[in-house]
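Biologist: Hi! I'm new to this one, could you walk me through its charged side chains?
Modeller: Happy to, let's have it up in front of us.

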Amino acid sequence: MCGIFGYIGDEPAAEITALGLFMLQHRGQEACGIAVSDGRKLKLVKELGYVKEVFYQERLEELDGFAAIGHVRYPTRGTPTVENAQPHLITTLNGPVYAFASNGDVVNYRNLREAYEKKGVFFDSDNDGELLGRMLVYKMEREGKDPVQAVLELMGEVKGAYSALFLTPTRIYAFRDPWGFRPMVFGKTDGGYAVASESVAMDIIRAKEWREIEPAELLIISKEGVEGVKFNEEELRGGGRRAHCSFEIIYFARPDSYQYRQFVHDKRILLGEKLAAKDTVEADAVVPVPDSSNFMALGYSRKRGIPLCFGLIRSHYVGRTFIKPTQSIRDESVRQKFNPLYKFFSDKRVILVDDSIVRGTTIRKIVRMVRGAGAKEVHVRIASPPVRFPCRYGIDTPTYEELIANRMSIEEIRKFIEADSLIYLTVEELREVLDYPEDFCYACFTGEYPVLEGK
Ligand code: SF4
C-alpha cells in the first residue's frame, strides 16, 4: 500500500502536492517524497518520515515549479531505506530527467528486472516503482517510442497492481493497471489539475470536479489541458476480469473516500449490518476497535438495537498497527495505541467489532485489555472474511505463517484471542455488500489470485 498525488497548475505545485500527500498519510507512513518540475529541470526531496515532518514550509519553498508528483510509502517490496522511497528520479545520458511514483506490487518484478538488466538498464533500488519508471524511459529514449506507445507496451508486459505517475519536464502521465487493483482519481481545480490515490485528497485542494481513472486508462496532463487514452483493458489482461482490492473498502481507504464507484463509509456500515443480521448474542454494548471499524460497529449497533459505545480510546500519535515493519515494533504500538474507558466495561457483556484479523496479536491484546477493565463477556465480530492468503498486489500480509486464519480454524482463533465467541463475515456476504462485486479481488480470503506471474 502507498499513496500517490500529482498536480499541474497555477499554484505552487510542491505545496499542493504536500497537502494532498498529507491527506493520504494513512496509506503509508514510512517515507515520503516529492519531485517537482519548473519546465526545464526536476528536483526531488524524499526522506523517511511523515509528510508534515519532511515537507516543512521552507523546504517546500525551495521546491519551486508548476508540476509535481509525490508519494507516501508503505513498505511491501524492499527494505525501509531512502533509495526505496519514491518518487524515483531517472536521468538519461543527453535527454531530460524524469520522475516516477506508483502504488501497488508487480508480480513479475523479478523476471522483468532481469530482462531489463540484460538490456543494460541499471537500478538503484529494489522497488517496483523504479522498475516501471525505467521501463518507460528505456522504451522512450532507447527505442524511440512516444510516451503513449511506451505506456501501452508497459501495460502489456507488467502483471500486477500499479496506479502510477510519470513526470516529464512539462507533463504528468497518470495511468492505472488493467485490473484496477488500486484506486486513483483525477480532478480539476481553479487553474490546475490533480491526480490522487483517494478522493479525500481532492477535498482538501478544493477540486471543483473529479472522477475515477479507469483501469488501463492513461491521462496526459499539461498546463494547457488533459488528453485521455483508454486502452483495451480486457485484451491487456489477457482475459479475466477487473480486480479492485476489496480490502481497501474494508480497511485501507479512508471512510470519507469514494472509490471503485462506491462510498467507503456506506459500505462499512453495510458490512456491520450484515454481521448483525446473523448474530443473536445478548450484549450490553457494541464497541468498535477504532478507527477503521467505527462505521461497521455503527451499522451493527443500529441493526440490532444495542447501544454503540466508544469504550476504547485510540491514540492518534501511533502509526497503524500492521503497517509497522517488524513484530517487536508492532507489539509496542498496540500497547501504546488503545486504552479502555475508565469503569465503562465493568460487569458488561461487550461486542467488540473489528474490520479484520491478520495476525491475531492485536485483537488478543484488546480482548485481554477489555476483560482486565471488568467486562464479563467479550464477543468479537469481524466485518470481513478470514484472511487466509497473502496479498501479492501491494498490501503487507507477507507470509502464510503469519496469517492466523491460515493455520487455525475459527474456533481455534477464538480460543487464541480469548474471546467468548467469534463471528466473521463470509466471502458471499462481503460480495453482497459491494457494488459491482464481480469486479473485485478477494484473493486474500479465497486464494484465487486474479493475476499471477506469467499469466
Ligand atoms: S489479495 Fe486481498 S488485499 Fe490483496 S488486492 Fe486482493 S483483496 Fe486486496
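Biologist: Let's start with R371: what is its relative accessible area?
Modeller: In this predicted model, R371 has a relative accessible area of 29%. That makes R371 partly exposed, because buried would need a value under 20% and exposed one over 50%.

Biologist: And which side chain does R371 meet in a salt bridge?
Modeller: That would be D420, with 3.1 Å from N to O. R371 sits in helix α13 and D420 in the loop between α15 and β22, so the pair ties together parts that are 49 residues apart in sequence.

Biologist: Is D420 buried or partly exposed?
Modeller: D420 counts as partly exposed, at 35% relative accessibility.

Biologist: Okay, new topic. Which residues are joined into one network by salt bridges that share partners?
Modeller: K139, E143, K145, E153 and E157 are joined that way.

Biologist: Nice. How many salt bridges does the structure hold?
Modeller: There are 36.

Biologist: Now E233, please. Which residues form a salt bridge with E233?
Modeller: R237 does, with the closest N and O atoms 2.7 Å apart. R242 also forms one with E233, again with 2.7 Å between the closest N and O atoms.

Biologist: Where do R237 and E233 lie?
Modeller: Both are in helix α8, 4 residues apart, which is about one turn of the helix.

Biologist: Buried or exposed, these three?
Modeller: E233 is buried at 5% relative accessibility. R237 is buried too, at 8%, and R242 counts as buried at 14%.

Methods
Residues numbered from 1 in each chain as written. Predicted model: local features only at pLDDT ≥ 70, side-chain atom pairs only at ≥ 80, totals over all residues. Heavy atoms only, no water. Salt bridge = Lys/Arg side-chain N within 4 Å of Asp/Glu carboxyl O. Helix = DSSP H or I, 4+ residues; strand = E, 2+ residues; numbered from the N terminus. Buried < 20%, exposed > 50% of the residue type's maximum accessible area, 1.4 Å probe, protein only.
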